[in-house]
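Student: I have a protein structure on my screen and I am not sure how to read it. Could you take me through it, feature by feature?

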Amino acid sequence: MTTVEALENLRSRMQSQYTMLFLKTWEEDRWETAIAELAQETDRGLVTWTATSGPQPPLPNAEDAFEPLAMLSQIASYPKNHLFFLKDFHPYLRDPLVTRKLRDIAASLAEDGKTLLFVGPVNEVPLELQKEAVPLDLPLPGIEEHRDVLASVLADVWDGRAQPLTEDEEERLLKGVLGLTTRESRKTLHRALSGRDALNEDVFAALVNEKRVMVQGSDLLDFYDLDEGVKDVGGLDGLKDWIVQRSEAFSSRAREQGIPIPKGVLLLGVQGCGKSLTARATAKLLSFPLVRLDVANLLSGDRGGTEKNLREVLYLIETISPAVLWLDEIEKGFAGSGESGQDATMSRLVGTFLTWMEDRKAPVFVVATANSVTGLPPEMLRRGRFDEMFFIDLPNYHERKHIISIHLGKRGWKAEKFDVAELATRSEGYSGAELEQVVISAMLDAYGQKRLLTDEDLERSRDQTVPLSVTMEEKIFQLREWAATRCRRATSDSRVTQMLEEERRRGEDIEPVQKAKTAAWSNLAELGQTNAAMVEYLRKFDGATFPQIQEAFAPYLEANGGLGLALRADPNVVLWVGMGQSLTVLLAEMIEGKRIYVHPAEMETYKAQNKGLKLPLAGPLTEEREKRPVWLPSCLRLMPPAGGSGKFARVARVKLGGS
């Protein structure tokens, strides 16, 4: 749920005479501002209360109401159609006199159009009030709210000394603070950007690592640092290319074009061939926090405790999203959930988890690794749970060369000084983990003998290592047979095949992606991607007026008609009329969703286009509402006004003839 959707939910409930709403949030300041604007739009008064300052504004000639009972007693004396923003009221709900008083005044609240908003980090409704009250979780800020914070931090920290951010850099920074409150976002961005004149990977890693605090205190999840990247994964080019392509689908541009958020990938393969390393590299590529879930930690001896643990974990993951959820050796975690002799608790656990994988809306990318399929429930392998299943086999010759070079380089040795090709030739059947141990063991032997590492040390270490492909040959063969027709290969069988597949992929996969990224707004509109088309249009024609947009989009949707847009804070302030239903709805939703922004425009701009409304011109906007309809010349841009959107943040659809 977005901030806009939450406010619409509150508006609907207040207008439907809901008298008590328990709102869970840590951001009372942000929501107090938003609800104050909502109260103004709906012609309601707003009273805030805390135990330290009492009601604001207070009633004239009334006694101080610092105590909750005194405050509840004064509510009837306030005029009708009021909202009461009660901060941290939950400790007083344990008092039976307080709950009794709330039940006493419930009927009169509905008659007078009054709503009590209990705001705080707890939204548990007492048993006595469960037929009167509704608990709601208020969402954390989205990208657009964080965008305002980022602009403020950049102005404070960089003060114009650094180059402006590119669109991709800005989006990566914003994704890095998603899941934080605006205050946390400000502190995190300030800390990551201070003392720097340019962005680098350390900045993005610092943002991601700040989210570690959010999972502290939960022993059900492990938070990993983003140390390894895609360059640390030897071979597996097919898998790496797939992950790079899927990373593009998390961008706001992809959202504009209706591209669904990727769900995740299942990595099946031989032990020690890079599955866990790939999970860590995926998180770094996406600049998402990496959180590992050990299913065994969820199991509880209490009845219902296991399912409760899973629900808490999934809620926490969605809270810190976007994130990568890593399920290591998933076949062991969900053991006992097969059809024969299945454990009832494990079956419920699997069912809950699979339902979440299917229905989740939050950007959580699941990376599951498995060494075997025999312990996995069949329904987990169904298409739709994961975007793709990859089989990771033992590395081929070219991959072994790459892996050996990586491990030598990571430890300060120049790979070109060693006969890596010969070692790769002689290490057929070795996994990536075994090749790493070959390098480490050779280094230790050479150091113990007080000399430098040589090719002979590497060959001796290889000869002394018995690979898993020898000790578990039958199991590996069975795994390959199963995956042959069921999984996509993470790497090609030969260098020639790999090169051919690379050319085909570039021609068939990457080219459409690039075309989509550079597609003209008209092409997007022609294909029905009107949201994305509007963004691309404003990216090209910054500050377009409403009649310009009408003319441009007339071939693609209902652009002309009898509807218009006005400020929701004052419906008498009209922005434009004469628009069709489709265009009016599109613009209203994108403005309220903070994808596009309303800016005041000069009257000369409209005169140059021979356009205007037969209404008096609006003067400077004040707190007072206009007594009759007036026209405010305006335009649309992708960036918010310098001082914030204010009254331009929300618009209402109106029906007003004449343009």
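Tutor: We will go from the whole chain to strands, helices, cores and single residues. Keep in mind that this is a predicted model.

Student: Let's begin with the whole chain. How many helices and strands are there?

Tutor: The protein chain has 27 helices and 20 strands. Of its 659 residues, 49% are buried.

Student: How do I read contacts over the whole chain?

Tutor: Look at how far along the sequence the partners sit. Among contacts in this chain between residues at least 6 apart in sequence, 77% join residues at least 24 apart.

Student: Now strands. Which strands does E1 pair with, and in what sense?

Tutor: Strand E1 covers residues 20-24. It pairs with strand E6 (residues 133-137) in the parallel sense, over five bridges. E1 also pairs with strand E5 (residues 115-120), again in the parallel sense and over five bridges. You can follow this through one residue: Leu21 stands opposite Val134 in E6 and opposite Leu117 in E5.

Student: Is E1 mostly covered or mostly open?

Tutor: Mostly covered: four of the five residues in E1 are buried.

Student: What is the general idea about side chains in a strand?

Tutor: In a regular strand, side chains alternate between the two faces of the sheet.

Student: There is another sheet, with E15 in it. In what order do its strands run?

Tutor: The order is E18-E16-E15-E20, an open sheet of four strands with mixed pairing. At the edges are strand E18 (630-631) and strand E20 (651-655), each of which pairs on one side only. Inside the sheet, strand E15 (residues 560-567) and strand E16 (residues 570-579) run antiparallel and share six bridges. One pair to find on your screen is Leu565 with its bridge partner in E16, Trp576.

Student: Which helices lie across these strands?

Tutor: Helix H25 (residues 546-553) lies across E15 and E16, at about 35 degrees to E16. Helix H26 (residues 581-592) lies across E15, E16 and E20, and runs at about 20 degrees to E15.

Student: How do I read two helices that meet each other?

Tutor: Ask about the distance, the angle and the residues that touch. Take helix H5 (residues 143-157) and helix H7 (residues 182-193): their axes come within 9 Å and cross at roughly 35 degrees. The crossing is right-handed. Residues of H5 in the contact include Val149, Leu150 and Val153, while those of H7 include Arg186, Leu189 and Leu193. By class, the contact has seven nonpolar, five polar and two charged residues.

Student: Next, cores. Which residues have the most contacts inside the largest nonpolar core?

Tutor: Met534 and Phe553 do, in a core of 44 residues. Several elements each supply at least two residues of this core, among them helix H24 (530-540), H25, E15, E16 and H26. So the sheet and the two helices across it, which we just looked at, come up again here. Around Phe553, leaving aside its neighbours within four places in sequence, the contacts are Trp521, Ala525, Thr530, Ala533, Met534, Tyr537 and Ala559.

Student: What does the second core include?

Tutor: This separate core has 41 residues, including Phe223, Leu293, Val313 and Leu316.

Student: Finally, single residues. Why does Leu86 count as buried?

Tutor: The general idea is to compare relative accessibility with a cut-off: buried means under 20%. Leu86 counts as buried because its relative accessibility is 0%. This residue is found in strand E4 (residues 82-87). Not counting neighbours within four places in sequence, Leu86 is in contact with Trp49, Met71, Leu116, Leu117, Phe118 and Val119. Leu86 and Gly120 are 34 residues apart along the chain, and their C-alpha atoms are separated by 8.6 Å.

Student: Is Thr19 buried or exposed?

Tutor: Thr19 is buried, with a relative accessible area of 5%. It lies in the loop between helix H1 (3-15) and E1. Beyond its neighbours within four places in sequence, Thr19 is in contact with residues including Ala106, Leu109, Lys114 and Glu132.

Student: And where does Lys101 lie?

Tutor: Lys101 lies in helix H4 (residues 96-112). With a relative accessible area of 24%, Lys101 is partly exposed. Not counting residues up to four places away in sequence, Lys101 touches Leu69, Leu72 and Ser73. Lys101 and Ser73 are 28 residues apart in sequence, and 8.1 Å apart in space from C-alpha to C-alpha.

Note on methods:
Residues are numbered from 1 along each chain as its sequence is written. This is a predicted model: local features need pLDDT of at least 70, side-chain atom pairs count only at pLDDT 80 or more; totals for chains, interfaces and linings use all residues. Side-chain values use heavy atoms; hydrogens and water are left out. Buried means under 20% relative accessible area, exposed over 50%, partly exposed in between (1.4 Å probe, protein chains only). Two strands pair if DSSP finds at least two bridges between them. Contact means heavy atoms within 4.5 Å. Axes are lines fitted to C-alpha atoms, for helices over the stretch in contact, and angles run from 0 to 180 degrees between N-to-C directions. A crossing is left-handed if the near helix is turned anticlockwise from the far one by less than a right angle, and right-handed if clockwise. Ala, Val, Leu, Ile, Met, Phe, Trp, Tyr, Cys and Pro count as nonpolar, Asp, Glu, Lys and Arg as charged, and the others, Gly among them, as polar. A nonpolar core is a set of buried Ala, Val, Leu, Ile, Met, Phe, Trp, Tyr and Cys residues joined through side-chain atoms within 4.5 Å.
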